[in-house]
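Have your viewer open and your selection tool ready. We will go from stop to stop, and at each one I will suggest what to pick and tell you what is there.

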Amino acid sequence: MNIKTYNAVSEKGLDYLSERGYQINGDEAPDGILLRSQDLHHETIPDSVKAVVRAGAGFNNIPVSELSKRGIPVFNTPGGNANAVKELTVAALIMAARPIISAINFANETRGGDVSLRTERNKGSYRGTELYQKTLGVIGLGNVGSKVANIALSLGMDVIGYDPGLNANTAWRIDRHVHHAASVDEVLAAADYVTVHIPYTKANHHFIDAKKLAQLKPNAALINFSRSGIVDDEEAVKALDDKKLRLFITDFSSEPLLDNDRVIITPHIGGSTVEAEDTSALMAAKQMDDFLTSGNIVNSVNYPDINEPFLTPYRIGILHENVPNMLGQISQVFGKQDLNIEELSNRAVGDYAYTLVALNQLPADHRQAIVSDIKGIGHVLNVEIYHNPDADKAE
Ligand SMILES: NC(=O)c1ccc[n+]([C@@H]2O[C@H](COP(=O)([O-])OP(=O)(O)OC[C@H]3O[C@@H](n4cnc5c(N)ncnc54)[C@H](O)[C@@H]3O)[C@@H](O)[C@H]2O)c1
């Protein structure tokens, strides 16, 4: 199979695919597209493409709705840079406890005479505090927030988390010593440090607004390494001016935040590490390979995830619209060909659904008929046969 890449995708991902026999940017029509931030909206995506995988979290560079209608799943790699964001959040916490930046500036600016003696004499105003036994409030306990909560425990902090939509995949990773708050108010009232790790959605626009800022302890520090727009920056500056907030550290610059010595801004570098690029590329390559060889869907943004061990010799993956009576019609096709279904999985998300049918037998002379009969069902968008040679040997 041939994979077309855009952008410089890390070698970790490309090697994974090459080692499994994939051509990278070969001459044949591509079976999949692997990319980072390339804008695909104006590119022609050939009919041979069965999957588009983005090494990274955001996917607004991909025409998702057009691809959904063509029965092409689009994947991303959520959490691929979570460790990078976690580590920078730890740096932010330490910067919020100790006046590191001003202390470094002081050391650099102290010149002449006995520098060592002068720095020693004047260092008094750079005394900080410790994170140990302070309370950290973590809003959003997903890929990033769960990691931040856990590492804060190992710094000796008390951690109180809030996430009403906690996903089962991340829930089990959260240390049992993290206190789960019933409301965000509980977190705001208890925390000495508050860090937000939630997605930017319509509902989360200005999630930290004037009302929530007013609930914070006046000595609290607020950290935003999520997205611009989650904190109302103008209101945060007002809270700082009114001494209702001690410090605001954010990865997202904006006009109201500039020239304020109670604000620390980093230029959206939370996920920017060499390792995060490698991790995301490897995740993307594995997801691509898993889908193209076994029909498993993991981390799709437009089709439901179905991730099951491929134990039978054959599977048929059917991407279709989410409308009534699809399963009945699909089952009938197998009945007509006198083929027994070993297992059938079906899930839907929004307007689209995925059905994965596992078979112990699929005689070669039935394959074309099966595919064309399934394709003939209204609302079916794509059909693919997957073969598992290991299961043949096991038979
Ligand atoms: N600064 C960077 O460079 C950088 C890098 C990676 C991710 N991010 C951002 O970090 C954020 C978190 O990423 P993630 O990978 O952990 O996402 P995730 O999807 O794994 O987790 C987000 C969690 O937030 C919860 N949530 C949503 N709305 C909430 C609300 N109003 N209150 C409480 N919880 C809520 C969800 O239930 C989910 O568990 C995202 O905004 C992401 O874009 C930033």
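How many nonpolar, polar and charged residues does the shell around the ligand have? Before you count, please note that this is a predicted model. The shell holds 10 nonpolar residues, 11 polar ones and three that are charged.

**Stop 1: the ligand**

Select the ligand and show its surroundings: 24 residues surround it. The closest are Asn-143, Val-144, Asp-163, Ile-198 and Asn-204, so colour those five first if you like.

Now look for polar atoms. Pick Arg-227, where an N or O atom of the side chain is 3.3 Å from an oxygen atom of the ligand. Next, pick Asp-251: one of its polar side-chain atoms lies 2.9 Å from a ligand nitrogen. Then turn to Gly-270, where the partner is in the backbone, with an N or O atom 3.5 Å from a ligand oxygen. On its own the ligand has 860 Å² of accessible area, and the protein covers 81% of that.

**Stop 2: the second largest pocket**

Move on to the second largest pocket, with about 600 Å³ of space. To centre your view, select Met-95, Ala-96, Pro-99, Arg-246 and Leu-247, which are the closest to the pocket's centre among the 27 residues that line it.

Which element gives the most to this lining? Select α4 (100–109): with four residues, α4 gives the most. Add α3 (82–97) and β12 (263–265), as each of these also supplies at least two lining residues. Coloured by class, the lining shows 12 nonpolar, seven polar and eight charged residues.

**Stop 3: an aromatic pair**

The whole structure has four aromatic pairs. For one of them, select Phe-75 and Phe-291, a tilted pair with 5.7 Å from centre to centre and 55 degrees between the planes. Phe-75 belongs to strand β5 (residues 74–75) and Phe-291 to helix α11 (residues 274–294), so this pair ties together parts that lie 216 residues apart in sequence.

**Stop 4: two backbone angles**

Most residues other than glycine have a negative phi. Two exceptions are worth a click. Select Asn-299, in the loop between α11 and β13 (314–321); its phi is positive, near 65 degrees. Then go to the loop between α12 (326–336) and β14 (341–349) and pick Asp-338. Asp-338 is not a glycine either, yet its phi is positive at about 60 degrees.

Notes:
Residues numbered from 1 in each chain as written. Predicted model: local features only at pLDDT ≥ 70, side-chain atom pairs only at ≥ 80, totals over all residues. Heavy atoms only, no water. Near = heavy atom within 4 Å. Polar contact = N/O pair within 3.5 Å; in protein donor to acceptor, adjacent residues only side chain to side chain. Areas by Shrake-Rupley, 256 points an atom, 1.4 Å probe, with all protein chains shown as cover. Nonpolar A, V, L, I, M, F, W, Y, C, P; charged D, E, K, R; others polar. 1 Å grid on protein atoms, 1.4 Å probe; cavity = no way out; pocket = protein on both sides within 12 Å on 5 of 7 lines; lining within 4 Å. Points joined across faces, edges and corners; volume = space filled by probe spheres on them. Phe/Tyr/Trp six-rings, centres within 6.5 Å; stacked < 30°, edge-to-face > 60°.
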